[in-house]
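User: I'm new to reading protein models and I keep tripping over the vocabulary. Could you walk me through why certain labels get used here?

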Amino acid sequence: MKRYLYFITTLGFLMLWSSCRKDFEFSPSTGSLEFSRDTVYLDTVFSNIGSSTYNLKVYNKSDNDISIPTVQLALGETSNYRLSVDGIAGKSFNNIEVLAKDSLFIFVETTVDINDFTPNGSYLYTDQIEFDAGSNFQKVELVTLVQDAVFIYPERDNTTKVIKTLTLDIGGELVETELQGRELSPTELTFTNDKPYVIYGFATVPNGETLIIDAGARLHFHDNSGIIVSNGASINVNGGFSIDQELLENEVIFEGDRLEPSFSDVPGQWGTIWLLDGSVNNTFNYATIKNSTIGILSDGNPDETNNKLTITNTQVYNSSSFGILGRNTSISGENVVINNSGLSSFAGTLGGKYNFTHSTLVNYWNDGFRQFPAVLLNNFVLDEDNNATIADLTEANFNNCIIYGNDNPEILLDEIEDASAVYNFKFTNCLIRFEDNSNNFTGANYNLNDTNKYEGNIFNLDPNFKDTELNDLIIGDDSAANGQGLSTFATQVPFDILNMNRTSTPDIGAYQHITFPEDE
């Protein structure tokens, strides 16, 4: 009975209280709104490509529930900005209510066609979000840099308009794929530095042709996009040393098409640069390849006299699987820097021929579990039934290289022994992370005292990189690599990746050491 009376009394009190309170009485805004920022910068977008969604928070810090009479874009319906207020899309809104001590989210996007203006390569597009009018008028600026570009799209069927898939010439055999893209035309086989290139799908270099990429060119790839170099075709990336190491004016840069700072180091934004079996004379000099699935995938041609791929003064970062993946191929690398790969930074698989000198092949992946070490070598591939195909690893030489990372060990020498197959490798004068206290790695390939395989190496001492998280892999005074390079190899590669002469006192790796500022 007492519980019943308590319930009736409480219910009555609540009814009386609610009948006295005047809920949802909104008074007009008085121009005292506050904002999370006074300008919304939508960063840089390419012409005709939609931006990310940005947000603005509007605060009512008064004790009154208010109604904002108008929220609108200054350019009205002609604006290239789009708003969403309280979940409703539009460009102008009336009587927007905000409770006392509460806030409101406004979401902003834009798509701008640079051809609507008369810019020289880029255009600063602006507008305002206006709140109320007269003496209560308030505003927030909107700013977007729109970048002109050369767009390369996949081919569509003229009748159905469906995007066509690629049939690839792989080692002389035509293979149908599910990859979208098209062959580059003869007029598209030189990429200049006049405008950035934005590629959707896989841009394919046809048989017998060469894609030439000039110094300072910028290539941006959409999701599931990249470059394919066909049988009998080549790619020549002709970057140069940049005086300004922030601007990188002569570097050729391959990256995704999301230009917002939050995407600047996100792995796996695009596919790969795929050198098909039969492609020849591929060269990369002063290139930066970042945020791909696989930086470079090189297939076949293990016996190529001049190497299928020659890569120099090049950096590969933030690959969601491999930095460089070779599959029974031939690669020569000098002053190569690879870091932050979801699997291995360099993998030479199914045998092949590989030679790296004065390179920094490390892996400080911190975006989840990593299955493989910085450097992986094997001589086989397994099919779906676990049957192995074995091929010769004719040579794999690493000279004056740093092979390190945040795991241990950072080399894996995976061999299926076969009487008819060779497995040749040698690490000479390298700084390597390999510490096997539990004796998990046994056999001839891990006999560190065998001078036919290991000679003059330094194990497990600090390379003293400047900042591995920022892919800044120059070494400092305290590096174990400082002054430890072998002159024989330094004379073959006399300048480091920053164009510093290394011949007098060579360091191991791609960089000569510097003295870090005291606060570092």
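Analyst: Sure! Keep in mind that this is a predicted model. Let's start with His358, which sits in the loop between strand S29 (346-357) and strand S30 (360-363).

User: Why is His358 called buried?

Analyst: Buried means under 20% relative accessible area. His358 has a relative accessible area of 0%, so it counts as buried.

User: And what makes the link between His358 and Arg502 a polar contact?

Analyst: Their side chains are joined at 3.5 Å. The cut-off for such a pair of N or O atoms is within 3.5 Å, so the pair makes the list.

User: How do you know that Lys101 and Asp63 form a salt bridge?

Analyst: Check the distance, N to O: it is 3.3 Å between these two side chains. A salt bridge needs a side-chain nitrogen of Lys or Arg within 4 Å of a carboxyl oxygen of Asp or Glu, so this pair qualifies. Lys101 is in the loop between strand S8 (92-98) and S9, while Asp63 is in the loop between strand S4 (54-60) and strand S5 (66-73), 38 residues apart.

User: Are those two buried or exposed?

Analyst: Exposed means over 50%. Lys101 has 58% relative accessibility, so it counts as exposed, and Asp63, with 65%, is exposed too.

User: Why is Arg258 called partly exposed, and what is Glu260 called?

Analyst: Partly exposed is what lies between the buried limit of 20% and the exposed limit of 50%. Arg258 is at 34%, so that label fits. Glu260 is at 6%, so Glu260 counts as buried. These two form a salt bridge as well, with their closest N and O atoms 3.1 Å apart.

User: What makes Arg370 and Glu410 a pair that ties parts of the chain together?

Analyst: First, they form a salt bridge, with the closest N and O atoms 2.8 Å apart. Arg370 lies in the loop between S30 and strand S31 (375-378), and Glu410 in the loop between strand S35 (402-405) and strand S36 (411-414), so the pair ties together parts that are 40 residues apart in sequence. Both Arg370 and Glu410 are buried.

User: Why are S2 and S7 called edge strands?

Analyst: Five strands form an open antiparallel sheet in the order S2-S4-S9-S6-S7. Strand S2 (34-35) and strand S7 (88-90) each pair on one side only.

Conventions: Residues numbered from 1 in each chain as written. Predicted model: local features only at pLDDT ≥ 70, side-chain atom pairs only at ≥ 80, totals over all residues. Heavy atoms only, no water. Pairing = 2+ DSSP bridges. Helix = DSSP H or I, 4+ residues; strand = E, 2+ residues; numbered from the N terminus. Buried < 20%, exposed > 50% of the residue type's maximum accessible area, 1.4 Å probe, protein only. Polar contact = N/O pair within 3.5 Å; in protein donor to acceptor, adjacent residues only side chain to side chain.
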